[in-house]
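User: I would like to understand how the descriptive terms for a protein model are justified. Please take me through the reasoning.

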Amino acid sequence: MATSPPAIVTKKFKRGEQIFVAGSRATHIYVIQTGLVSVSILKNECIQLYIAGPKQSLREEALTSGPPSGISATALRDTQVLEIPIEFIRTHIKAADPVADLLIKGLVERLKISANELRSHKMARQSQPCPPDLTAKVFGIIFYSARYIGKKDGETYVAKWDVLKDYAVEVMEEDPIRVQEGIHILAKLNYAEPWGADGKKAATIPPVEQWTQICFRNMNQIETFFDFYQNYHFKSGYAGLLKTNDKATAITQALVRLSDKYQIDRAGMVSMPYKATVDSMKEVMGKTFEADQIFRLDQKGLMVKQTNTQEGGVLSFFKPEFEQMLLNWKVLKEVELWNERGYVELSDTLKSDGAPAGAPLTSKDSAISPQSNPSELDSWKPLVLSGGAPKIRTEPARPNEILCPHCMTAVTAAQKYCTVCDCELPKKAG
Amino acid sequence: MAQEKRDGAKAFNKGSHLFKQGEPARKLFLIQTGLVSVTMTRPSGQVEIFQAAAPQVIGIEALNGAKTYENSAVALNDTFATEIPAETGIQALNGNQATLKLLTTGLLNKHNSILSVLRNMKLADTLTPCPPEAIPKLFASIFHVVSYTATPKDGMLKVVWPAFRKYCQRVFAESPVRLEQTIYLLSTLGYAKLEMVPSDTDPEAPEELGFVHFKDIDQLENFSDFFRTRLKHLGPVEAMNLKDPSLQTSEALLRAFGANVKDAAGLIRIPVNEAVNTLKTELGQDSFEVFYFESLIGRGLQASVFMSGAEKLLEFSPDRIKKSFRNWRILSKITEWNNTGRAPGMPEPDPKKGSQK
């Protein structure tokens, strides 16, 4: 006699895996046993409706008539669910106590209406997992909670995870999942380390259930990021600055990397010969690279100044600002991906341009992808992250070289004002 | 008022309650016809959480083992609903086949979770000037930003008001209007001194708030913590209750025993029986019992009960109790603000500028 397949099965989903997708026919109802699930609408971006936890049902609307719900469910942690066929449930409901039948149907209907109301609310408010209005708040609250709860040890703060989470959620009214995902981003960027039960740094980021303490290694960068974000997000006309662009990131990174060969002056400005720089950029970025692309960085808030000289011109820019912007873009990129996917992907390793290794390149990106020194660029980090200070030129002027007495930039004899710091240059005697 | 029954369903006239928030949760209501509004009582009035129609079931907290209803349900038009005793409902669901039991638990938990999200969204839209849920964050935000960014000056901490307000709004998503009202409220209590400056743009305009000098900033942290505990244990309505028995008991304790000899740590210890008898007289409550102390400690009474040998003692620090009164003073000012719509100390709006939002 043939045996029928088991009606109910236990299924396991890794963090990031989808339990069901929007538009698919509902054939099963799920009951979460362990883990955490994000129930959301995934279109161009993720609109998170709610987070479901253990002993909660999913997809029970399948018991009522109606079109597919357009809702997806993604595991936010390693999750185990019971998958129960709809027909199996219908059969048992028919056979159940009439009061139970009425209650279950009444409950399912109530849930359907509540879920629809929640959906219209969230759609109207564009409830992304990390909405722009709340991006500075997530990182700001992590920062302030860490300072308040954590124990300071030199430059680091170590905070108990459950105390930090309680404070951030109960007092500062932050969403617990947002705090968790925010810390995932900080952990990916090595600004924070979630520690497991042994209280030591693990080789990989441990699952949230195992977090006992969070060691915040780089509070300065966390603060700089949310300060940068709040500064531009709430001003009109700066939206472009808060969207990453792989092309701009690659150019900025290459430019900063090339500038390492040149000394910076006491004002933080670095001056590079125009032709040699553009040639080197072509080598790094590919032949399609045009010098114009450097100047288009001003759309991202980064100014590169070109000065004509007899030697073919000079490009100069404020290097610390460029380095800091690259760091800000790394966090921004992670936030963008979080809003797209609904969670922070931990298996991504960030490429030099701030994009995750697995992210597909667009046609525009591929034209300017770094062509040479990929490993060098991958491992490159701004000096500020290693606690280093920029090297300021101190040696005297070379023969026939004239330096601005204020910022030590090379100037020509014909110049009246310094092209970098705008100070008046001393007149030649005689 | 509820009327006659039809096919076992009870009729509820338009405007009558199916159940009220705080009543014992003994029944579920399966709506047969009509429309019901499920509301929550707030200090500012009723807030509608959702509307329910046939064949939905409401009063679900009765199935979750809640002692009282968390919301009220009022018929929006003539409504018929079948009343199901909570015990019958629980038995019917528990008597189910295991999978169905699992499913109903899943449905109930999901209902609670979605309802909680919806409730928070609806409550966030209410117009209470300083709603209870916003209080811990409001005071914690001021405390953090002042502690981190202020400049010490003459024993106080000085902040530039426009920059401070902007920062709190952007980083903590704090309402600038609520923040400004709180600063005026704090100024009436002596925790903030306001420095007015001439307007940058209009020399004719009245002076505006330029700097705030904070004093005793730890009290703001203390209050945030105090109110957070009350909110967690008592819920939003009871947390705002100024006639709280813990406050009256604290006052009575100080009156009766405040002059007793303190130990080196500033603590006064008295036999619990003596304390109970004295407080019965002080408070005029013959029903005052030992266990009452313990329940009041969770509500904010700064005291503890412990055994010393065979004797049960009540221990309290008069100084700590006096300090806790500062929290009650802040809370009373917030209540005044919620009742009048204007924080104490807040100047009347300039009619030329139009009404303040």
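Analyst: Two strands pair if DSSP finds at least two bridges between them. The model shown here is predicted. In chain B, an open sheet of 4 strands follows the order β3-β8-β5-β6, with antiparallel pairing.

User: How do you know that β3(B) pairs with β8 of chain B?

Analyst: The two strands, which run antiparallel, are joined by 2 bridges. Pairing requires at least two bridges, so the criterion is met by β3(B) and β8(B). Within this pair, Phe19(B) stands opposite Ala73(B) of β8(B).

User: What makes β3 and β6 of chain B the edge strands?

Analyst: Each of them pairs on one side only. From one strand to the next, the twist of the sheet averages 30 degrees.

User: Why are α3(B) and α6(B) called roughly antiparallel?

Analyst: These helices pack at an angle of about 160 degrees, and their axes are 8 Å apart. Angles over 145 degrees count as roughly antiparallel, and α3(B) and α6(B) are therefore given that description. The crossing of α3(B) past α6(B) is left-handed.

User: Which classes of residue make up the contact of α3(B) with α6(B)?

Analyst: The contact has 10 nonpolar, 1 polar and 2 charged residues. Among them are Phe139(B) and Phe143(B) of α3(B), and Phe227(B) and Leu231(B) of α6(B).

User: How many residues does each chain bring to the contact between chain A and chain B?

Analyst: Chain A brings 47 residues and chain B brings 41 residues. On the side of chain B, α2(B) gives the most, with 17 residues. That side comprises 22 nonpolar, 15 polar and 4 charged residues.

Methods. Residues numbered from 1 in each chain as written. Chains lettered and ligands numbered in written order. Predicted model: local features only at pLDDT ≥ 70, side-chain atom pairs only at ≥ 80, totals over all residues. Contact = placed C-beta atoms within 7 Å. Nonpolar A, V, L, I, M, F, W, Y, C, P; charged D, E, K, R; others polar. Axes fitted to C-alpha atoms, helices over the stretch in contact; angles between N-to-C directions. Parallel < 35°, antiparallel > 145°, perpendicular 65-115°, else oblique. Left-handed = near helix turned anticlockwise from the far one by under 90°.
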